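Got the viewer open? Grab your selection tool and follow along, stop by stop.

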Amino acid sequence: MPPPDPTSEPLPLRSPTLTLRGIDVFFGEKQALDSVDLDLYPREILALVGENAAGKSVLAKVLTGLCRPSAGTITVDGAQVTIGSPTAAHRLGIATVFQDLALADNLDVTGNIFFGRELHTSGVMRRGHMEAIAREKLTEIGAKIPSVRAPVVTLSGGQRQSVAIARAMLGDPRIIILDEPTAALSATQTAEVLDVIERLRDLGRSIVFISHDLDDVRAIADRVVVLRHGRVNGSAPVSGVTYEAIVAAITGITDALPGTGRGAVPRVVNG
Ligand SMILES: Nc1ncnc2c1ncn2[C@@H]1O[C@H](COP(=O)(O)OP(=O)(O)OP(=O)(O)O)[C@@H](O)[C@H]1O
Ligand SMILES: [Mg+2]
């Protein structure tokens, strides 16, 4: 009999890949994150939602080593870690695609995927090898890109997002944080990007999907966590909550999502 596949277990029976407990972040007097708890499981898409300034991007920065919490613990695969820099995040297998994508318009797809990590032999750039790997990464994530030699400036918003995701996949991360990957995309481009994100999950990755679009969240996420004023204001399996319940937790009409089972984290709203 083959050994059981741990990723086929229902989510509650698996150990989290990533755990945050009691994370506080201050910018001067302003508290951007307030005692944030979060669990991210293998092979899941965790949607992180909330109003503008709720703390979503700050949380992404904490996980990327760009923002140091003043309190709390971070655990990756059961071991407590400090994410002191983007290099440390990379070493821990955490990759982030930020809202601005940071692509170089004047470079082609391959140039962007390898930007700052170009491959050389005896000082000569291994362009053909890089193109082959770029093609492989794009195929792996199911991205629809006409050519790895296409200048990025000629691509659609959805294709640019796919290039940024392929770039993040270059280091073979286990945890991928996507900050509003479908913002400002057309319906067709959004569908393409959502397919790519689902492909990342199929590849066994754990994904934090930051979004304002609850249709996108309900289309692909396994669980949803709501941030409000820097605090977790509810967490629930997507299949167990209504659209209205998520909106209510985002806007603070209710003090928590009526989620069921593990992952439901009732919290009192602060203002
Ligand atoms: N570098 C910084 N210095 C000072 N305050 C900051 C800094 N970065 C974020 N903040 C503040 O922290 C809070 C959370 O910001 P964050 O960018 O995480 O919001 P968000 O949930 O990502 O919002 P949006 O949906 O608009 O992207 C905001 O009040 C913001 O002004
Ligand atoms: Mg943001």
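Start by selecting H229, which sits in the loop between β11 (223-228) and β12 (231-237); helices (H or I, at least four residues) and strands (E, at least two) are DSSP runs, numbered from the N terminus. Phi of H229 is positive, near 50°, and this residue is not a glycine. Most residues other than glycine have a negative phi. H229 counts as partly exposed because 18 other C-beta atoms lie within 10 Å. The cut-offs: with C-beta atoms placed from the backbone, 20 or more others within 10 Å make a residue buried, 12 or fewer make it exposed, and anything in between is partly exposed.

A word on what you are looking at: this is a predicted model, where local features need pLDDT of at least 70 and side-chain atom pairs count only at pLDDT 80 or more, while totals for chains, interfaces and linings use all residues. Residues are numbered from 1 along each chain as its sequence is written, and chains are lettered from A and ligands numbered from 1 in the order in which they are written.

Now colour by pLDDT, the predictor's confidence in each residue, from 0 to 100. The average for the protein is 89, and 89% of the residues score at least 70. Which stretch stays under 50? That would be residues 259-271, for which the model still has 38 contacts beyond four places in sequence. A contact here means two C-beta atoms, placed from the backbone, within 7 Å. Where pLDDT is low, the predicted coordinates should not be read in detail.

Switch to cartoon and you should find eight helices and 12 strands. Of the 271 residues in the protein, 45% are buried. Taking contacts with a separation of 6 or more, 65% of them join residues 24 or more positions apart.

Next, pick A184, in the loop between β9 and α6. A184 is another residue that is not a glycine and has a positive phi, of about 65°. Is A184 buried or exposed? Exposed, because just 9 other C-beta atoms lie within 10 Å.

Carry on along the chain to helix α6 (residues 187-202) and put a distance between its end C-alpha atoms: they are 22 Å apart, which agrees with the 22 Å that its 16 residues should span at 1.5 Å a residue. That expected span is 1.5 Å times one less than the number of residues. Buried residues of α6 include V193, L194, V196, I197 and L200, along with T190 and E192. Show what they pack against: β3 (45-49), α5 (157-169), β9 (175-179), β10 (206-210) and α7 (214-220). After α6 comes G204, with a positive phi near 90°.

Hop across to α5, where the same check works: 13 residues should span 18 Å, and the end C-alpha atoms are 18 Å apart. How many of the residues of α5 are buried? The count is 12 of its 13. Their cover includes β6 (94-97), α3 (109-113), α4 (127-140), β9 and α6.

Time for the core. A nonpolar core is a set of buried Ala, Val, Leu, Ile, Met, Phe, Trp, Tyr and Cys residues joined through C-beta atoms within 7 Å. The largest one has 74 residues, and L46, L48, F209 and V224 have the most contacts inside it. The largest share of this core, six residues, comes from α5. Centre on V224 and look around: beyond four places in sequence, V224 touches A47, V49, V217, S235, A236, V238, V241 and I246.

Now show ligand 1 and the residues near it, meaning those with a C-beta atom, placed from the backbone, within 6 Å. You should get F27, K30, A32, G50, N52, A53, A54, G55, K56, S57 and V58. Two elements, β2 (30-40) and α1, give two or more residues to this shell, and α1 gives the most, with three. By class there are five nonpolar, four polar and two charged residues; Ala, Val, Leu, Ile, Met, Phe, Trp, Tyr, Cys and Pro count as nonpolar, Asp, Glu, Lys and Arg as charged, and the others, Gly among them, as polar.

Select helix α1 (residues 56-63) next: eight of its eight residues are buried. G65, just after α1, has a positive phi of about 80°.

Last stop, K56, in helix α1. K56 counts as buried because it has 25 C-beta neighbours inside 10 Å. Its contacts, leaving aside neighbours within four places in sequence, are L48, G50, I210 and L227. Add R228 to the view: K56 and R228 are 172 residues apart in sequence, yet 9.2 Å apart in space, C-alpha to C-alpha.
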